[in-house]
Amino acid sequence: MLKNSCRLALKEMNHWMMPEKAKTSLTTFPSSAEIVSEPLGVVLVISAWNYPFLLSLDPVVGAISAGNAIVLKPSEMAPASSSLIAKLVADYLDSSCIKVVEGAVPETSALLEQKWDKILYTGNGRVARIVMAAAAKHLTPVVLELGGKSPVIVDSDINLKVATRRIIAGKWGCNNGQACISPDYIITTKDYATKLVDSFKCELERFYGKDPLESKDLSRIVNSNHFDRLSKLMDEEKVSSKIVHGGQRNEKNLQIAPTIFLDVPVNSLIMKEEIFGPLLPIITVDKVEQSFDLIHSSGGKPLAAYLFTNNKKLKRKFVETVSAGGLVVNDTAVHLAIDSLPFGGVGESGMGSYHGKFSFDAFSHKKAVLYRGFAGDAFLRYPPYTPGKLTLLQALLSGSIVRIIRALLGWFWA
Amino acid sequence: MEKSIAELRETFKTGGTKSISWRKSQLKALLQLINQNEDSIFKALDQDLGKGPVESYRDEVGVLKKSVTYTLSCLEKWVAPKKAEVPLLFFPAKAEVMPQPLGVVLIFSSWNFPFTLALDPLIGAISAGNTVLLKPSDLAPACMSFLVETIPKYLDNKAVKVLAGGADIGERLLRLKWDKIFFTGSPRVGRLVMAAAAKHLTPVTLELGGKSPAIVDTLSTTPSKAKVTAKRIVGGKWGPCTGQACIAIDYVLVEEKLASTLIELLKKTIKRFYGENIKSLKNISRIVNKHQFQRLVNLLKDPTVADSIVYGGSVDEEKLVIEPTILLDPPLDSEIMSEEIFGPLLPIITLKNVEESIDFINSKSNPLVIYAFTEDETFKKRILSETSSGTVTFNDSMVQFLCDSLPFGGVGQSGFGRYHGKYSFDTFSHEKSILHRGFYPEIEPRYPPWTHFKLLFIKLAYQFDYFGLILLLLGFKRS
């Protein structure tokens, strides 16, 4: 992903940097206009621990391509990655313009007290509020890439095997569920649920073997804090009894096996907060259309929402009514790899977007430029004001050439 | 208040505001409101700011009519999803970006252009399908009352509400959760708005101000160009609300040897436009209230500043009028040269060489606009690349405001976010990415268990090396 980001920026940068011509109307004739991209200045990138390289360096690609100086603060919760990033950036990039600051809360707080021209933060909603409040003191614009509970609606008349594999790839295949766009929970019909669960059991075994804790292809939980948090979600009274697959844990190795729950209570902890782990609740409804109500009632807008169906009407309703950062029909997570799509959230899942040209734009100021000449100075702009001037002015503002001619003729003949 | 906002939320939930027909009907109603109440609008503006009808039409009524008409003509295009390119690797797939309303939005407007700054953002919010609470400034009370009374008569009350009140109402509103806040005003209040928005992760657009300079380099070209330059400077300073405008020319930068020429031209033009002296002042607004009046008068209190006055300086406290005043080289550390003036006082700063303007401007925070009167193409390029501002306008003042195709907004201390034309629609929308995939074909290497073959496949896939992929699949590639 990073390599592609760099390649795209290198290939397209000249094109992105070119001023964009803007149309002018008769109202300001004669004139020409353009929009010029300029760097914002010195920007701060704060990244997360789950994709430490991607979430640190992808924004940096955008900031560099837009011509900014950068301070990068990688997450201390991925310490080996953080120190490697610090070392490599110092070795390969221009240290007078691109610096890495390592550290935890004290260092981040100190950074946030400084004045930046832009801050891009990837992480959770709680810290995002702190970042935005600190940015407010200096009127610094921010991009906040947060998360949410990304739902997957599964309809019945589909290729179940492919759908299951794609959900597994997006859930456990992505850092064992510790990804902002991982499917968080599934909504399907009561009739279809058993088939779905069976399909999961089958494919999970095919991917990760009979004992997933032995599989080398599953990431582990990042640290004991998160392990405990996830354990709490699993062990909640009315939830632990709903496990239909998995549940194995190894505290010493910080491992939790892919675990599926069927019909946990909607007000349980696991259904209230973003799971960010290998636990997958399946909620059932009578009719698949009821999924939308469930998603809307769950509160915040998620970063992503997914739907598996062949039903055109359902696709249409999904696309038009579900509000999320990004939507995918019949797959999960892959929209991340499509550079022509802006990647960002809405509401609780964040503000602003990046990837591809959107990264360049996120770190640029789009300066409007109007070129005027001295010919054609509309005398009616200036006082003394007369009724004739008012008519002319009305015509000019309307931009209609017919009106302007009429008004001018009226002026000359008055 | 909470009930009103709850109603706005309910209305949004029903989805009624998303339909294009609703949006168009509201925009048309707004146009009707303006058309049918022009006289009342002129009256209110005269009452609050002493704005005459031509200035009111040019800066408020006309601008709004143009905005609504333009939006109505483009709305269908703006609402349509935009196709996005998908690499062949994902075939068959379709990607698009669909604009969606954000939800319930809050608009704070300012007192100096009480109609434009309230209704232009409103046009954007409605066109994007949101429900809106508009909080006009109470420092223009007649205009605020007009909006409170008249908007409910024309627009959908369940979706668009206007709230009267002062700073306390503003504070209460900021404690609630909004899906977007649009603020026009000072940087000081902008910080408070953003800090309040941070608690709910509400995106904001801040249209602030700054000291917008005018660089003058055309006085030694031709007499007619010099005259036009002077006219445009005068028009760009005292024309909009007697200098109480975020995009008014704040101060002028000119070469030492041309300063007296400029001052003479400005004096002549001021007299022609606005009258010989404060007693015969016409065609110009007044200061909005005693507080602003006192603030401006205080800027002139400093003896070294008062000494630098070369024209004007008279004030009429009862009528809240300050005549157009020109100052020549007031001290650079005086308040008049460090704060945004927002009034009819024009400092002229002289430089040995006009190119020094760039360093001078860069020593202050980013303004909303930089005006540059010059025909020197190299100088133009330098100004563009070596300074930063929301907008740059060459050889004119104010008119960039009328260009719907140019984004209007600041950078740095002059704000962030932008609007006008399609940018208004965009600022109140969320651009939702959508990817449609088919179930076939399936790319096995996406799934574990991982093997060397799969890693190679993924490497080639990322490079979009389709030929390499074929070779790999046929068994002709090892590593």
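These legends walk you through several close-up views of a predicted model.

**View 1. Two annotated residues share one spot in chain A.** An unreviewed UniProt entry puts its "active site" feature at A:E145 and A:C180. The two span 36 residues in sequence, yet their C-alpha atoms are no more than 8.7 Å apart, so they gather at one spot. Look for A:F343 while you're here: it turns up among the contacts of A:E145 and also among those of A:C180.

**View 2. A:E145 sits in a strand.** The strand is β7, running over residues 142-145 of chain A. Is A:E145 buried or exposed? With a relative accessible area of just 3%, A:E145 is buried, because anything under 20% gets that label. Setting aside residues up to four places away in sequence, A:E145 touches A:Y121, A:T122 and A:G123, as well as A:F343, A:G344, A:S349, A:G352, A:S353 and A:Y354.

**View 3. A:C180 is found in a loop.** This loop of chain A links α6 (160-171) to β9 (185-189). A:C180 has 17% relative accessibility and counts as buried. Who are its partners, once neighbours within four places in sequence are left out? They are A:N50, A:L146, A:S150, A:E274, A:F276, A:L303 and A:F343.

**View 4. A:S150, a contact of A:C180, is buried too.** You'll find A:S150 in the loop between β7 and β8 (151-154) of chain A. Its relative accessibility is 0%. The side chain of A:S150 reaches over to the backbone oxygen of A:A304, at 3.1 Å. Beyond its neighbours within four places in sequence, A:S150 is in contact with A:C180, A:I181, A:S182, A:P183, A:D184 and A:Y185, plus A:P302, A:L303, A:A304 and A:Y306.

**View 5. A:S219 is partly exposed.** Here we move to the loop between α7 (190-208) and α8 (224-235) of chain A. A:S219 has a relative accessible area of 31%. Apart from neighbours within four places in sequence, A:S219 is in contact with A:N175 and A:N176. The side chains of A:S219 and A:N175 are joined by a polar contact of 3.3 Å. For a sense of scale, A:S219 and A:T24 are 55 Å apart in space, C-alpha to C-alpha, and 195 residues apart in sequence.

**View 6. Chain B meets chain A.** How many residues does each chain bring to the contact? Chain B brings 96 and chain A brings 93. Together they bury about 7900 Å², with carbon and sulfur atoms giving 62% of that area. B:V54, B:L201 and B:F439 supply 11% of the area chain B buries against chain A, more than any other three residues.

**View 7. Polar links cross between the two chains.** Between chain B and chain A there are 41 residue pairs in polar contact, and the salt bridges number six. One salt bridge pairs A:D331 with B:R446, whose closest N and O atoms are 2.8 Å apart. On the side of chain B that touches chain A, β18(B) gives the most, with eight residues. Sorted by class, this side of chain B has 47 nonpolar, 26 polar and 23 charged residues.

**View 8. An annotated domain covers residues 3-434 of chain B.** The unreviewed UniProt entry calls it "domain: Aldehyde dehydrogenase". Over that stretch, chain B is 43% helix and 18% strand, and the end C-alpha atoms lie 35 Å apart.

Definitions and conventions. Residues numbered from 1 in each chain as written. Chains lettered and ligands numbered in written order. Predicted model: local features only at pLDDT ≥ 70, side-chain atom pairs only at ≥ 80, totals over all residues. Heavy atoms only, no water. UniProt positions renumbered as here; feature names shortened; annotations may be inferred. Helix = DSSP H or I, 4+ residues; strand = E, 2+ residues; numbered from the N terminus. Buried < 20%, exposed > 50% of the residue type's maximum accessible area, 1.4 Å probe, protein only. Contact = heavy atoms within 4.5 Å. Polar contact = N/O pair within 3.5 Å; in protein donor to acceptor, adjacent residues only side chain to side chain. Buried area = accessible area lost by both parts, 1.4 Å probe. Salt bridge = Lys/Arg side-chain N within 4 Å of Asp/Glu carboxyl O. Nonpolar A, V, L, I, M, F, W, Y, C, P; charged D, E, K, R; others polar.
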